[in-house]
Amino acid sequence: MPGKAPYSAAVGDFDGDGKLDMAVVSYLPTGTMNILLGNGDGTFRLGQTFTVGVQPFFVAAASFRRNGILDLAVSDSLSSDVYVMLGNGDGTFQAPVAYPASGRTYTIATGDFTGDGVPDMIAITDSCDCISVFPGNGDGTFRAAVTTPLPYNVGGNALAAGYFNNDKKLDLAIPGQFGSVSQVSILLGNGDGTFTPNGYYAVAPPPDSIVVGNFRGGHIADLAVTGGSGVEILLGNGDGTFQQPVLYPTNFPTWVIAKDFSGNGVLDLAVSIPGLGSGYPPGASVYKGNGDGTFQPAIFYPAGRDPKFIVAGDFNNDGKPDLVTVDDVSDGLVALLNTGAVTFSPTTPLNFNKQAVGTTSAARNVILANTGLTALTISAMKTTGQFGVTSTCGSSVPAGGNCTISVTFSPKTKGAKSGTVTIKDSASSKPQVINLSGTGT
């Protein structure tokens, strides 16, 4: 990917082929954004590359012209502009058009904040310590920003919109470190692009991101916010107020998203876990929702070197939402494909480290568990690369059962090697994959 140090991404079908694509903003070279077109198997190919602003911070996708073609909105943390790039519907975009804000813009989002049925843009701006709403005209252009001053210095880089008091006007939740105070501030929408502060809730520092979701089903909006020690859940009361936060621990999470990853109609949470400087292994943690506003302990999946951002989508077209982490150290993306009713322990990748050429390593075992309610049928299991596999799985694993997959490494030449165990089973229309690595010496 030409962009270095990618920071955030937006997901959508930009070329209309039924496969999810991504727009990724990067710090280097200055102002870079890449379009990555999905191949439908969890991989991507490079599309257009743009120069957008000075240092694009966040990108959001929406159909600003209400024609089904996705467009892009991009914030810029080193200038006083936001940018709009209209989509052509074939995976390409028109040149960025700048709209002046009242200060440097950070997180940007879309929604109907003015109540006219047309998508608007909203951004946090720090120079004026305010929220800027750009009312949409419905043709891909926007009017001058409407600003709402905040009663505190802007200390956060994230926001989330939702209906908190059921008046059909979009509201906002903004987490941030305001001096020595860490809090989530609630702003109730007035329906004209302005907002009224409605209190705040103390949370653990530093609150990096926030997401709105109906964690108990129904229509009452709840919040999940990341902090240094985990994810905190604030259950909504339906009147614009929230209950006190409940902490679910994990290692130094940054970005949080909500999605039904388990396919049971209940929202789950996924967070990115950066490695650099945190003292923790990098990857993603997933909290399975119980449907009553509580969550099960996090399950960690290693990924990349320093993933600070995470997105979800069905990237391999098997009907199950997957994860992609955005890694600003390895300058790339890491896809974590949803295995459905199948879980692996330990989670991949499986690393054999060093092994003498012409010899075979001791076997390393992975436990495959069937967490589904019906038997898992296995039709094939094979390796790629200089690896071998045996298993106790046979052709079927009963509901709630498990089996052992044993992998060996037999390097034929010196150097780093990679491979996979590929499993075709009834849990997914696409093969399950265990990633393998090792070094021949």
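1. Helices (H or I, at least four residues) and strands (E, at least two) are DSSP runs, numbered from the N terminus. With that convention, S262 is placed in the loop between β21 (256-259) and β22 (268-273). S262 counts as partly exposed, at 36% relative accessibility; buried means under 20% relative accessible area, exposed over 50%, and partly exposed in between (1.4 Å probe, protein chains only). The C-alpha atoms of S262 and K320 are separated by 8.2 Å, although these positions lie 58 residues apart along the chain.

2. The model is predicted: local features need pLDDT of at least 70, and side-chain atom pairs count only at pLDDT 80 or more, while totals for chains, interfaces and linings use all residues. Residues are numbered from 1 along each chain as its sequence is written, and side-chain values use heavy atoms, with hydrogens and water left out.

3. One open sheet has four strands in the order β28-β30-β34-β32, with antiparallel pairing; two strands pair if DSSP finds at least two bridges between them. β28 (342-345) and β32 (387-391) stand at the edges with a single partner strand each, so one side of each has no neighbour in the sheet. On average, neighbouring strands of this sheet are turned by 25 degrees against each other, direction ignored. For such angles, axes are lines fitted to C-alpha atoms, for helices over the stretch in contact, and angles run from 0 to 180 degrees between N-to-C directions.

4. Within this sheet, β28 is joined by four bridges to strand β30 (residues 364-370), and the two run antiparallel. S345 has I367 as its bridge partner in β30.

5. The whole structure contains 18 aromatic pairs. Rings of Phe, Tyr and Trp (its six-membered ring) pair if their centres lie within 6.5 Å; planes under 30 degrees apart count as stacked, over 60 as edge-to-face and the rest as tilted. Y7 and F57 form a tilted pair, at 4.7 Å centre to centre and 35 degrees between the planes. Y7 belongs to strand β1 (residues 4-12) and F57 to strand β5 (residues 56-62), so this pair ties together parts that are 50 residues apart in sequence. Both rings belong to buried residues: Y7 has a relative accessible area of 19%, and F57 has 5% relative accessibility.

6. A further tilted pair is formed by F352 and F409, at 6.0 Å centre to centre and 45 degrees between the planes. This pair links strand β29 (residues 350-355), which holds F352, with strand β34 (residues 402-409), which holds F409; the two residues are 57 residues apart. F352 counts as buried at 10% relative accessibility, as does F409 at 0%. R364 lies over the face of F352, at 6.0 Å from the ring centre; a charge sits over a ring if NZ of Lys or CZ of Arg is within 6 Å of the ring centre and within 35 degrees of the ring normal.

7. Elsewhere, ring pairs link F215, Y248, Y287 and F295 into a cluster.

8. The largest pocket holds about 1,300 Å³ of space. A pocket is an open set of points, on a 1 Å grid over the protein atoms alone, with protein on both sides within 12 Å along at least five of seven lines; a cavity is a set where a 1.4 Å probe fits but cannot get out, and lining residues have an atom within 4 Å of a point. Grid points are joined across faces, edges and corners, and a volume is the space filled by probe spheres set on the points. The lining of the largest pocket has 50 residues, and Y301, L337, N338, T339 and G340 lie nearest its centre.
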